[in-house]
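Visitor: I am new to this structure and would like a close look at a single part of it. Please start with one residue, and then go on to the charged side chains and what surrounds them.

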Amino acid sequence: MKILALESSATACSVALCEDERLIAQTFQNSGLTHSRTLMPMADSLLAQCGHRLEDVDVIAVAAGPGSFTGLRIGVSTAKGLAWAGDKPCAPCSTLESMAWQLAHMDGIIIAAMDARRNQVYNAIFRAQGGALERLSPDRAIGLEELEAEAKKLEERKILVGDGAQLCYNMWQERVKDLYLAPVHLRWQTAWGVARAALELARADKLVPGEQLAPVYHRLSQAERERLAKEQNKQ
């Protein structure tokens, strides 16, 4: 099964082409350019350089959230466009689970954390064993202190991954035992992780048509929060 995967949930973006669990090619860019300018050209170039066409791809996968509101919308819209052209099934992948798959070979507890500002992170917790993942919590937005309390109860080695990993490590390292940062080259979101998460969705028969793809934010945007606050103040 060939999977074309897109990752644009944070400041960097990447595209990967995989066949089952094998990575064929991946391109990664953290240039500061907007994903709307880079993501589709990266996908077109990667396929061309691999000697493949969109028609050769079986599944379009995308990091559907949580993450940057704008980045998620760009990724999901791009995936919809690619899927529509060839009537391809899609895999709406958890950004957090996708990051955890990059560390599935490192047995222990994986704490995926993306900086959500306002003293919160987007988070999910997994147990990695024998190259497989067991989910221990749902994807969520959670306060740093609340997540620290959960981490303290986990007796196994704990590995932090994601752009919120350093934030958590700096805050917890003196109070949480057996806490480690993921290696730098495995710490950030990549399209390979999305492809690996997509393979699990395909095996579980959880692929969806392109028109059903939608970002999963897990929290209201700042504009929505400010609007609600204004409405409450008027009451």
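Guide: Arginine 118 counts as exposed, because its relative accessibility is 60% and the cut-off for exposed is over 50%. The model in view is a predicted one. Arginine 118 sits in the loop that joins strand E6 (108-115) to strand E7 (120-129). Between its C-alpha atom and that of alanine 151 there are 20 Å, and the two residues are 33 residues apart along the chain.

Strand E7 (120-129) follows that loop. On to the salt bridges, of which the structure holds 14. One of them is made by the side chains of arginine 127 and glutamate 134, at 3.2 Å from N to O. Arginine 127 counts as partly exposed, with 23% relative accessibility. Glutamate 134 is also partly exposed, at 40%.

Another salt bridge pairs glutamate 19 with arginine 22, and their closest N and O atoms are 3.3 Å apart. Here glutamate 19 has a relative accessibility of 28%, so it counts as partly exposed. Arginine 22 is likewise partly exposed, at 49%; the cut-off for exposed is over 50%, so arginine 22 stays in the middle class.

A further salt bridge joins the side chains of glutamate 200 and arginine 203, with 3.1 Å from N to O. Both residues belong to helix H7 (residues 191-203), and because they are 3 residues apart there, about one helical turn separates them. Glutamate 200 is partly exposed, with a relative accessible area of 26%. This pair is part of a network of salt bridges that links Glu21, Arg196, Glu200 and Arg203.

Glutamate 200 can also be placed relative to the start of the chain. The C-alpha atoms of methionine 1 and glutamate 200 are 12 Å apart, while their positions lie 199 residues apart along the chain as a sequence separation. Methionine 1 belongs to the segment that comes before strand E1 (2-7), and it counts as partly exposed at 35% relative accessibility. Leaving out residues up to four places away in sequence, methionine 1 touches Cys18, Glu19, Asp20, Asp58, Val59, Leu199 and Ala202. Among these contacts is Glu19, the residue that forms the salt bridge with arginine 22.

Two more of those contacts, Asp20 and Asp58, lead to a patch of charge. Together with Glu55 and Asp56, Asp20 and Asp58 form a negative surface patch. Aspartate 20 is found in the loop between strand E2 (13-19) and strand E3 (22-29). Its relative accessibility is 35%, so aspartate 20 counts as partly exposed.

A buried residue makes a contrast with the exposed arginine at the start. Serine 98 is part of helix H3 (residues 95-101). At 2% relative accessibility, serine 98 counts as buried, because the cut-off for buried is under 20%. Apart from neighbours within four places in sequence, serine 98 is in contact with Cys93, Gly193, Val194 and Ala197.

To recap, arginine 118 is exposed and serine 98 is buried, while glutamate 19, arginine 127 and methionine 1 are among the residues that count as partly exposed.

Note on methods:
Residues are numbered from 1 along each chain as its sequence is written. This is a predicted model: local features need pLDDT of at least 70, side-chain atom pairs count only at pLDDT 80 or more; totals for chains, interfaces and linings use all residues. Side-chain values use heavy atoms; hydrogens and water are left out. A salt bridge is a side-chain nitrogen of Lys or Arg within 4 Å of a carboxyl oxygen of Asp or Glu. Buried means under 20% relative accessible area, exposed over 50%, partly exposed in between (1.4 Å probe, protein chains only). Helices (H or I, at least four residues) and strands (E, at least two) are DSSP runs, numbered from the N terminus. Contact means heavy atoms within 4.5 Å. Patches are made of residues with over 30% relative accessible area and no salt bridge: like charges are joined within 9 Å, nonpolar side chains (Val, Leu, Ile, Met, Phe, Trp, Tyr) within 5 Å. Accessible areas come from the Shrake-Rupley method with a 1.4 Å probe; for residues, only the protein chains shown count as cover. Lys and Arg count as positive and Asp and Glu as negative; His and the chain ends are not counted. The place of a charge is taken as NZ of Lys, CZ of Arg, CG of Asp or CD of Glu.
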